[in-house]
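Reader: I am new to this structure. Could you take me through it, one feature at a time?

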Amino acid sequence: MIQRAGKMLTSYDVVILGGGMVGLSLAYQLIEKGITSNIAIIDKEQSLGKHSSGRNSGVLHAGIYYKPNTLKARVCVDGAKRLGEWIQERDLPFKRCGKIIVPTKQHLDSQLDELLKRGQANGAKVELMDEDGLRQAAPEVKSASGRALWSPNTAVVKPLKVVQRLQQELTALGVRFLLGETTWEHIQKSQQISLKSGEQIYYGHLFNCSGLQADHIAHQFGIGETYSLMPFKGFYWQIKSTCQIQPSINIYPVPDLAVPFLGVHFTPSAEEQPTVSIGPTATPAWGREHYKGLKGVEAGMAMRNAGILAKQYLLNRNNFRRYVHEQAFLSLPPLILRAAQELIPSITARDIEPSPKNAIRSQLFNHRTHRLEDDFLCLPGPHSTHVLNAISPAFTGSFALADLILERSAM
């Protein structure tokens, strides 16, 4: 650290933009592998976990949904195992409660066989369940065909506690956290970032792991300009504590595999006295942080994305009309109740209430192919790597995803 002409100059082997789960896991793996501990993590918030990493459902996915050989498939099973062991070693909340996936309509039954094949190809433990097995495991759940898919290794955790513990351990290992850095400047043709405080930071390599801001930051480096964020809002409801129905396992519908959303599902939390959430929805958001009301609306983004969504609907690319008809408006109470009742018919409006939890999914749109991206993207830049579309299962697979990012960055 050098003081020069009133400016502080600092140098790091690695600078990570974004203190979410992917950025934290990268720092952790850099140290674990003995590559470097001379790391700085820059985040715009005063505390970590304010966005996707601290707001997700907490499900550690088993690796069933993803097409074999995709990046998602490559990191999910190994990542879930490693993260689960790390969490349990630290005695953080962890509940291996399993997951049941059921078809809500008869024509979706064949998708169970496809999901079984995908899960087995990805190395997940998964098996088909007949009507008797489903009745024993979850008597309140309805399957349109009588069959279901059972994933015993699906678990739930407390995401914010994981983020906070990683930050604590990284701080103890010498990683510097620069929080509340809402504005900074990347100095072109120089491996340098200038902070609002006047501090100049030099880096050997920079990782852009900024989630909801990742496309915007990548564009500042001249990277990924054919991609832009199309955020979707995830609203949750929850089962009231007075309700007799309190599922102890995850209950999911068979998803539409043509769109990157899993549908409304039931998820018990990791507490001893769990709260069972219902959701999330996949409602279009009109800003990177458009969590509630008009706060966070970005007019330019809203107009651009509304036009894209309208065109996607008219042309029905990727079965987009089905998404609109079945998922886009699930934030409306009667519709989310109907979706919940497709899984548990005995749930009534008196049994559920809005949850304070909501989230934004950092979904990426490819303007060249005119499609939503369904896999992680890891794009190289000058002395930098840009992690885009870090959607589910990025939290689950974070340790393994960090390894893959480092491998592609030749670190």
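Reader: Which elements cover the buried residues of helix H11?

Author: This is a predicted model. In it, the cover over the buried residues of H11 includes two helices, H1 (21-32) and H3 (71-89). It also includes strand E13 (200-208), strand E23 (377-381) and strand E24 (384-388).

Reader: How many of the residues of H11 are buried?

Author: Buried means under 20% relative accessible area. In H11 (residues 398-408), nine of the 11 residues pass that test, so the helix is mostly covered. Among them are Phe399, Leu401, Leu404, Ile405 and Leu406. Asp403 is buried too.

Reader: Take one residue of that helix. What does Ser398 touch?

Author: Contact means heavy atoms within 4.5 Å. Setting aside neighbours within four places in sequence, Ser398 contacts Met21, Ser25 and Leu83. Ser398 lies in H11. Its relative accessibility is 1%, so Ser398 counts as buried.

Reader: What happens just after H11?

Author: Look at the backbone angle phi there. Ala410 takes a positive phi of about 55°.

Reader: Where else is phi positive in a residue other than glycine?

Author: Asp91 is one case, with phi near 55°. Asp91 sits in the loop between H3 and strand E5 (94-95). Asn389 is another non-glycine residue with a positive phi, about 60°. Asn389 belongs to the loop between E24 and H11.

Reader: Is Asn389 buried or exposed?

Author: Asn389 is buried, because its relative accessible area is 4%. Now take Asp91. Exposed means over 50%. Asp91 has 69% relative accessibility, so Asp91 counts as exposed.

Reader: Which residues does a cis peptide bond join?

Author: Read the angle omega for this. Ser392 and Pro393 are joined by a cis peptide bond, with omega about 10°. Pro393 is in the loop between E24 and H11. Gly279 and Pro280 are also joined by a cis peptide bond, with omega about -5°. Pro280 lies in the loop between E18 and strand E19 (283-284).

Reader: Pro280 has a place now. What does Gly263 touch?

Author: Pro280 is one of its contacts. Gly263 also touches Pro253 and Gln327, with residues up to four places away in sequence left out. Gly263 itself is in the loop between E16 and E17. At 12% relative accessibility, Gly263 counts as buried.

Reader: How do I read a distance between residues far along the chain?

Author: Compare the places in sequence with the places in space. Gly263 and Glu326 are 63 residues apart along the chain. Their C-alpha atoms are separated by 8.8 Å.

Reader: Back to helices. Why do residues three or four places apart point the same way?

Author: An α-helix has 3.6 residues a turn, so residues at that spacing point the same way. Now look at helix H10 (residues 333-343). Its buried residues are Ile336, Leu337, Ala339, Ala340 and Leu343. These residues are on the same side of H10, because they cover an arc of only 160° around the axis.

Reader: What is on the other side of H10?

Author: Pro334 and Arg338 are exposed there.

Reader: Which strands cover the buried residues of H10?

Author: The cover includes strand E6 (99-102), strand E15 (232-239) and strand E16 (250-253). It also includes strand E17 (265-268), strand E18 (276-279) and strand E20 (352-361). Two of these names came up earlier: Gly263 is in the loop between E16 and E17.

Reader: Let me step back to the whole chain. How many helices and strands are there?

Author: The chain has 11 helices and 24 strands. Its radius of gyration is 22 Å, close to the 22 Å that the globule rule gives for 411 residues, so the chain is as compact as a globular protein of that length. The C-alpha atoms fill a box of roughly 75 × 50 × 40 Å along the principal axes.

Reader: What share of the chain counts as buried?

Author: Of the 411 residues, 56% count as buried. The accessible surface comes to about 17800 Å². Carbon and sulfur atoms hold 51% of that surface.

Reader: How do contacts and charges look over the chain?

Author: Take the contacts with a separation of 6 or more. Residues 24 or more positions apart account for 74% of these. As for charge, there are 45 positive and 36 negative side chains. The centres of the two sets lie 5 Å apart.

Note on methods. Residues are numbered from 1 along each chain as its sequence is written. This is a predicted model: local features need pLDDT of at least 70, side-chain atom pairs count only at pLDDT 80 or more; totals for chains, interfaces and linings use all residues. Side-chain values use heavy atoms; hydrogens and water are left out. Helices (H or I, at least four residues) and strands (E, at least two) are DSSP runs, numbered from the N terminus. The radius of gyration is taken over C-alpha atoms; the globule rule is 2.2 Å times the number of residues to the power 0.38. Buried means under 20% relative accessible area, exposed over 50%, partly exposed in between (1.4 Å probe, protein chains only). Accessible areas come from the Shrake-Rupley method with a 1.4 Å probe; for residues, only the protein chains shown count as cover. Lys and Arg count as positive and Asp and Glu as negative; His and the chain ends are not counted. The place of a charge is taken as NZ of Lys, CZ of Arg, CG of Asp or CD of Glu. The arc is that of the directions from the helix axis to the C-beta atoms.
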